[in-house]
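Me: I should be grateful for a close look at a single part of this structure. Please describe its packing in one connected account.

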Amino acid sequence: MGVRMTRQEFEDAVGDALDEVPPELLALMDNLVFLVEDEPPEHDPDLLGVYDGTPLTERGDAWAMGSLPDRITLFQGPLQRMCEDREELLEEIAVTVVHEIAHHFGIDDDRLHELGWD
């Protein structure tokens with residue numbers, strides 16, 4: 001089981017997923033970069049993506065002074081291994097992108113579950 005993509009194909013798929021995010025939502029994102037890594041940390045081998053930063057809902061007035069960009073990282077290996085075909089992989093990439101963007105907006109996993117974004 002699993003689907004193989006080159007790094008460039010995978011990064012392009014992440015870009016395509018971002019293109020599907022409504023422009024008004026993209027405009028609200030602040031100081032955020034998207035990255036792709038081969039594998040997640042050893043302690044969480046099934047992790048599909050991670051948001052690392054300070055959610056918009058927790059930023060104070062002094063936050064922006066010298067702050068590095070927040071990061072959303074998608075992990076190519078586990079995403080590829082969990083999918084049976086390219087279409088499923090593209091869908092999982094899109095869901096992971098939305099999931100991690102939600103964290104940037106301060107939406108936690110419990111609320112995402114309530115909204116059906118498991």
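**Helix H1 and its surroundings**

Reply: The buried residues of H1 pack against helix H2 (23–28), E1, E3, helix H3 (76–82) and H4. Here buried means under 20% relative accessible area, with exposed over 50% and partly exposed in between (1.4 Å probe, protein chains only), and contact means heavy atoms within 4.5 Å. Helices (H or I, at least four residues) and strands (E, at least two) are DSSP runs, numbered from the N terminus. The model is predicted, so local features need pLDDT of at least 70 and side-chain atom pairs count only at pLDDT 80 or more, whereas totals for chains, interfaces and linings use all residues. Residues are numbered from 1 along each chain as its sequence is written, and side-chain values use heavy atoms, without hydrogens or water.

The end C-alpha atoms of H1 lie 18 Å apart, which agrees with the 18 Å expected for its 13 residues at 1.5 Å a residue; the expected span is 1.5 Å times one less than the number of residues. Its buried residues are Phe10, Ala13, Val14, Ala17 and Leu18. They cover an arc of only 145° around the axis and therefore sit on the same side of H1, the arc being that of the directions from the axis to the C-beta atoms.

The largest nonpolar core has 21 residues, and Phe10 and Val14 are among those with the most contacts inside it. Such a core joins buried Ala, Val, Leu, Ile, Met, Phe, Trp, Tyr and Cys residues through side-chain atoms within 4.5 Å. H1 (7–19), E1 (32–37), E3 (70–75) and H4 (86–104) each give two or more residues to this core, with the largest share, 5 residues, coming from H1. Beyond four places in sequence, Ile101 touches Leu18, Val21, Met29, Phe34 and Ile72.
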